[in-house]
Every structure is written in structure tokens, then in C-alpha cells.
Amino acid sequence: MQSNRRSILFLRLLLLLLVAWSPASWWGGRGWGATAVGVNWGTSSSASHPLPPSVVVPGLLQANRVSRVKLPDADPSVLASLAGSGIAVAIGVPNEMLRSLSSSKSAAVSWVHDNVTRYVSSTGGGSVRIEFIAVGDEAFLLSYGQTFQPHVVGAATNIQRALTAANLANTVKVIVPCSSDVYQSESNLPSKGHFRPDLNKTMIELLSFLDKHGSPFVVDINPFLTFQQKKNLSLDFVLFQTNSHALSDGPNKYRNHFDMTIDTLVSALSKVGYAEMDIIVGKIGWPSDGAMNATPAVAQIFMQGLVDHLQSKAGTPLRPKRPPRETYIFSLLDEDQQSIKTGNYERHWGIFTFDGQAKYNVDLGQGSKALASAHDVDYLAQKWCVVNNNKDISNASGSASEACSAADCSALSPGGSCSGIGWPGNVSYAFNNYFQLHDQSADSCDFGGLGLITTVDPSVGDCRYTIALGTSFSTSIHQTLVARWSMMIQGGTFFAFLLLFVWC
């Protein structure tokens, strides 16, 4: 009898442990434990020569003990590289797909099968630990108008149904990343925060959906852009400096911009009946080039202040001892094809340079150790394209402008790392970036006879004349197709493989 009682107690204890450690329980309740820090890893289409996933995963993510990563899409080569790594993954649904996924349940089923089920159930090279599907990328941005807004909740609903049908709803959660411009406070006080009036109906539908399925609210924060736009906002306040002037809001005092932004959202959630909804920060970072105050030194101050604040678990005045459950730093690597509509700094969000070299140090999970940089990086030949000083270069600026229309010259911006090299150094910089963009082909260093290929590094001080990686954008497309082919074979999808073969 005693033996049976012990067996029953053991089984009950085992059951409790399984429930406590199951993925569903992580999201089933409020008041979570320690906050986690992850990184955003950009898509290959935003970089002309992306660092291969086979280098990124072991050399940057695992070497620095990064526990979670957020992707803008479901790139097959990236997901294949994450298989068996144990890293928690959030995959994105691009805005351009929202309409079709909202209008077609079968499209959502196909998307979940191709981009989720195939990877989480893979056994050959290990499964991918997909925890989130991020529906849309800041689809409610004010500048987008009604382009994507009507399709977001419908797409999220159909994805959720597809996950349920695939028996994945308990392990994979649907989230909807929102820019911080979905809420506002005219008085600049967090307590007065509310959602944008034009979003009221849609936001109620979204929050109802998230609450029903135990999903958090995901907000993307851009403190650098806010600092640029608001002239009365001090840099110290944004950088978590203890000597910054505190903002008083009734009984609450705000000593940094981060807490103020989070609590403005908390107030907005409270006003519509979702005061306790959990929050994840989907994007937050600081650029290191391309503008004033965008330097590695300032970026490190911001990042260290952010991580220290999160690790302190202090929370915010409206949510003491309850910081955002997860925070994803934007971003892992620089991306030289990123849109620069809001500023040239947009191509320099990376903690690491495009080739995986750490710009500064911040704790991503590696603790007190310095960040590990990528090793065994495959570069093109050690050669650069510069202006030929033996030619008449009085009109070379026109050629430089033409080069910059295609290549990345953002470091030449005022305040940028190459802004002080003068003329004709800036012409050489433009020539070289165009040359590297085109895989160092001889004709890409012609410029009407004004270009000259050299093996002497023309870098000056902090201004680095780069050498491109051996993996160009076209090569990354090939790798993506190969990875997709491999996953199709593993999954036994012969018909899809046959279509891909014919298409190629």
C-alpha cells in the first residue's frame, strides 16, 4: 500500500513538472519570470553580400549564447541552419502576404505547412524550435494608411486556425508586431497614453484575438528616431543615464525613455480593458553610423543601459518588477540594402558589421565575456577600387554620385564614420563600394577611366573601405533554393520538388 501511494505521488509530481515546463505553460499565465534578450536577424534581400547562415548560427548566435532570434520571413536556408540548435525562433509573415492569407484559409494552411510544420517535425538534421509566427511587420504604420490594416487580424486568425489543425497551437504562438506609433500621448505623459483613433476598431479586434489565444502584445521601439524628432528629449534620458532629468507623471517618475514608452502602451492597453496583457519588445536598438550620435561608442552605452535595466527586473512605474517578457535587439548584422527613407543610419543597426565583426560589447547571453566575432569568413580578393589621381578627376563627383545611387555610401553622411575623409577620398569610397557590390568585376571600376584597382588598403582611421564577402545576393538565392530542395526531399514532397526542378 505504501509503495502504491509513493508511485501515485511520484506520477503526480512528474505530471506537475511536465505541465510547468511545457511551452504552453510559458504563455498560459501572467507575471512571468526573468526577461530574455534576443536578436533580430535580417533577411538576405537586405544585404548585397549576406553572411552565410552556416557562419552566423555557430559563429555569432551559439558562440555568444544567444537564446532566441526573430526573423523577418521564413528563409529556408536560415531555418535549415537553425535546425537542432535549440535557439527559440520567431518567423515573420511579410506584409505583402497579408491579403492572401486573410482571404484564404487554404493559403494559411499551405503557409503553415511549408514554413512551420516541415521544420518543427523534421528529424533528419534536428527540428527548428519555432515559438512565434509574427504576422506582418509593423503593418499599422501611419505611413501605410489602409494598405495592410484591413488584412492583419484576418491573416492572424487563419494562421491560428492552421496551427490548430496541425496540432501546433500549444507550442507556436501568433503575434502581431506593432510600431510604437499605434499609440500616442498628446501631453507626453505615459498615463495619458491611448491607441490611435483610426485604429480603435482594429485594435480591439486584435487585442481580443491575442487575449483569447494567450499571445503577448509586441511593440517595436525606435528611440534613435524619437530622439531625432523630439528636440526637447535629452540624449542622457534615452541612453539610461542616471544623471538625466526625470519626468514626473503624477506619483510616478520616469528616468529613461524606455520605461516611458512601455508605460504609455500599458496605459493604452488599460483604457481598452487589457491592463494585464503581457508585452514583448520586438525591435529596439541604436545605429552605429550614418548620422550624428550614431557611433559604436554611443550604441554601446545605449545597449548596455538597456540590457542592465532589463536584467535588473525593475520593470516600469506602472509595472514594477515586471519588465517585458522578451526583448529583441535590432539588429544582429548591418544590411547595406536596407531602405534609407528615414535616414542613412538605417543600414547600420547591427551589433556586428556585415562580415560578423563585433562593433562593441554587450551581454547577449555570453555574460562577462567579450562578444565573439565570426571566424573563417570568406572574402573576395584583397583589392579595392580608388580614384586614379593620374587622370583629370575634376568631374569625378558625378561618377561618385552615380556609384552611390546603387552602392551603400551612408558612412559618408554628416556624422558618419567616413564623413571627414574629404575629396577625393569620398570619391574613392564610392567607387570601391560600387566595385565590391559588383563582386570586384573589372568593368565596375572603370568610371570612364577614372577608377583604379589597387591592392593597398585605402582605409583611413575609422573609415573602413570594405571588401565584400564571397557570398553575393545571387549566391544567397541559390543557397535558399538548395535549402528548400533539401527540406522538400526530407519531407517527401516529391511533387513540389518536381515543380521546383522544372521551374529552375
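Is Glu-205 buried, partly exposed or exposed, and what is its relative accessibility? In this predicted model, Glu-205 counts as partly exposed, at 35% relative accessibility. Its salt-bridge partner is Lys-201, with N and O 2.9 Å apart. Lys-201 is exposed, with a relative accessible area of 65%. Both residues belong to helix H8 (residues 200-212), where a spacing of four residues puts them about one turn apart.

The salt-bridge count comes to 13. Another of these pairs sits in helix H6 (residues 105-120), again with four residues, about one turn of the helix, between Asp-114 and Arg-118. Here the closest N and O atoms are 3.6 Å apart. Asp-114 is partly exposed at 33% relative accessibility, while Arg-118 is buried at 12%.

Then there is Asp-408 with Arg-347, whose closest N and O atoms lie 3.2 Å apart. This pair ties together distant parts of the chain, 61 residues apart: Asp-408 is in the loop between helices H13 and H14, and Arg-347 is in the loop between strands E13 and E14. Both side-chain partners are buried. Shared partners also join Arg-68, Arg-129, Glu-131 and Glu-326 into one salt-bridge network.

Glu-326 brings the story to strand E13 (residues 326-329), where Glu-326 and Tyr-328 point one way, Thr-327 and Ile-329 point the other, and all are buried. E13 pairs in the parallel sense with E1 (residues 36-40) over four bridges and with E12 (residues 279-284) over three. Thr-327 has Val-37 opposite it and also Val-281. With helix H12 (residues 296-311) in between, E12 and E13 make a right-handed β-α-β unit.

How values were computed. Residues are numbered from 1 along each chain as its sequence is written. This is a predicted model: local features need pLDDT of at least 70, side-chain atom pairs count only at pLDDT 80 or more; totals for chains, interfaces and linings use all residues. Side-chain values use heavy atoms; hydrogens and water are left out. Buried means under 20% relative accessible area, exposed over 50%, partly exposed in between (1.4 Å probe, protein chains only). Helices (H or I, at least four residues) and strands (E, at least two) are DSSP runs, numbered from the N terminus. Two strands pair if DSSP finds at least two bridges between them. A crossover is right-handed if, with the strands pointing away from the viewer, the path from the first strand over the helix to the second runs clockwise. A salt bridge is a side-chain nitrogen of Lys or Arg within 4 Å of a carboxyl oxygen of Asp or Glu.
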